[in-house]
Amino acid sequence: MQPQQRPRLYSYVVQHDNGQAPNPYFRVCTLCLCKFRSCPEQHRNIVELAKVGDWIVGTGGADLRISAGHGKLIYAMRVDKKLTREQYFDDIRYEQKKAAQTSKYKQTRGDNKKPRTVFEKCEQFALISRHFYYFGVEAKKMDDIPERFHLEKKSPGFRSRFDPKVIRDFVEWLEKNHTPGKHGEPCYEEPFDTTKGNCRCKSSC
């Protein structure tokens with residue numbers, strides 16, 4: 001899939017920053033089990049709409065027990081690949097993204113779950129980035145996102161109508177002031193329950 005000529009930026013609130021959505025582990029940031037539609041009747045969400053070259057920005061939610069707070073940048077990722085969930089699950093390069101009950105928290109956070117239905121296999125997606133900035137709990141110590149970008153959305157849903165210049169300026173600011181990669185742990189850690197499987201955000205968050 002070729003990058004589009006003018007990248008878009010999608011901004012939303014990460015209400016529950018637990019390391020699963022986004023999943024910033026193993027040098028790859030993925031967004032799969034959040035901001036998606038769970039059935040064909042629902043409107044397309046970020047995971048369906050985003051294309052290669054777009055940017056996804058997750059800002060902090062109000063509850064400081066599980067997120068970083070309004071105005072904070074939890075993560076930003078450039079979409080480098082977009083795979084169907086079937087492709088994602090079958091690709092050996094993302095084997096570490098499959099959830100497992102181990103002593104290492106990052107391995108319990110896997111978002112690469114086996115798709116069951118035709119819809120899950122072909123109409124649900126995983127966004128993949130090797131050019132990402134994940135801050136997690138460290139975002140609480142950082143300055144707020146500059147107000148001049150007007151990126152933050154404090155309610156459910158997402159924003160995507162940004163002027164191309166705003167997107168360029170934000171990316172320039174991000175790359176100038178930060179180095180890519182994972183810079184912190186999630187804002188909160190939750191136990192992995194084998195009877196229920198991994199918890200996940202509702203797609204409408």
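Which pattern does the protein chain follow when read along the sequence? In this predicted model, the order of helices and strands is β-β-α-β-β-β-α-α-α-β-β-α-β, which comprises five helices and eight strands. The points below begin with the chain as a whole and then turn to single residues.

**Overall form**

- The protein chain has a radius of gyration of 16 Å, and this agrees with a compact globule, because a globule of 205 residues would have a value near 17 Å.
- Taken along the principal axes, the box that the C-alpha atoms of the protein chain fill is roughly 45 × 35 × 30 Å.
- Of the 205 residues in the protein chain, 51% are buried.
- When contacts between residues at least 6 apart in sequence are considered, 77% of them join residues that are at least 24 apart.

**Surface and charge**

- The exposed area of the protein chain is about 10,700 Å², and carbon and sulfur atoms supply 48% of that area.
- Positive side chains number 38 and negative side chains number 26 in the protein chain, while the centres of these two sets lie 2 Å apart.

**Cysteines**

- A search for disulfides across the whole structure finds zero, and the distances around two cysteines, Cys-29 and Cys-39, can be set beside that result.
- For Cys-29, the closest cysteine sulfur belongs to Cys-34 and lies 12 Å from its own sulfur, which is too far for a bond, since a disulfide needs the two sulfur atoms within 2.5 Å.
- Cys-29 counts as buried, because its relative accessibility is 0%.
- For Cys-39, the closest cysteine sulfur is again in Cys-34, at a distance of 16 Å, and this too is too far for a bond.
- Cys-39 is partly exposed, with a relative accessible area of 25%.

**A buried residue in a strand**

- Thr-59 belongs to strand β3, which covers residues 55-60, and Thr-59 is buried, because its relative accessible area is 0%.
- Leaving aside residues up to four places away in sequence, Thr-59 touches Ser-11, Tyr-12, Val-13 and Val-14, as well as Lys-72, Ile-74, Ile-145, Glu-152 and Lys-153.
- Strand β1 spans 9-14, so the touched residues Ser-11, Tyr-12, Val-13 and Val-14 fall within the numbers of that strand.

**Backbone features in loops**

- The peptide bond that joins Ala-21 and Pro-22 is cis, with an omega of about 5 degrees, and Pro-22 lies in the loop between β1 (9-14) and β2 (29-31).
- Lys-35 is a residue other than glycine with a positive phi, near 60 degrees, and Lys-35 is found in the loop between β2 and α1 (46-49).
- Is Lys-35 buried or exposed? Lys-35 is buried, because its relative accessible area is 0%.
- His-150 also has a positive phi in a residue other than glycine, here near 50 degrees, and its place is the loop between β7 (132-134) and α5 (164-177).
- His-150 is exposed, with a relative accessible area of 56%, whereas Lys-35 is buried.

**Loop residues and distances across the chain**

- Lys-51 sits in the loop between α1 and β3 and counts as partly exposed, because its relative accessibility is 44%.
- Although Lys-51 and Lys-82 are 31 residues apart in sequence, their C-alpha atoms are 7.0 Å apart in space.
- Arg-93 is found in the loop between α2 and α3 and counts as exposed, because its relative accessibility is 52%.
- Arg-93 and Gly-71 are 22 residues apart in sequence, and from C-alpha to C-alpha they are 34 Å apart in space.
- Gln-101 is placed in the loop between α2 (85-90) and α3 (105-108), and Gln-101 is exposed, with a relative accessible area of 56%.
- Between the C-alpha atoms of Gln-101 and Gly-184, which are 83 residues apart along the chain, the separation is 22 Å.

Key:
Residues are numbered from 1 along each chain as its sequence is written. This is a predicted model: local features need pLDDT of at least 70, side-chain atom pairs count only at pLDDT 80 or more; totals for chains, interfaces and linings use all residues. Side-chain values use heavy atoms; hydrogens and water are left out. Helices (H or I, at least four residues) and strands (E, at least two) are DSSP runs, numbered from the N terminus. The radius of gyration is taken over C-alpha atoms; the globule rule is 2.2 Å times the number of residues to the power 0.38. Buried means under 20% relative accessible area, exposed over 50%, partly exposed in between (1.4 Å probe, protein chains only). Contact means heavy atoms within 4.5 Å. Accessible areas come from the Shrake-Rupley method with a 1.4 Å probe; for residues, only the protein chains shown count as cover. Lys and Arg count as positive and Asp and Glu as negative; His and the chain ends are not counted. The place of a charge is taken as NZ of Lys, CZ of Arg, CG of Asp or CD of Glu.
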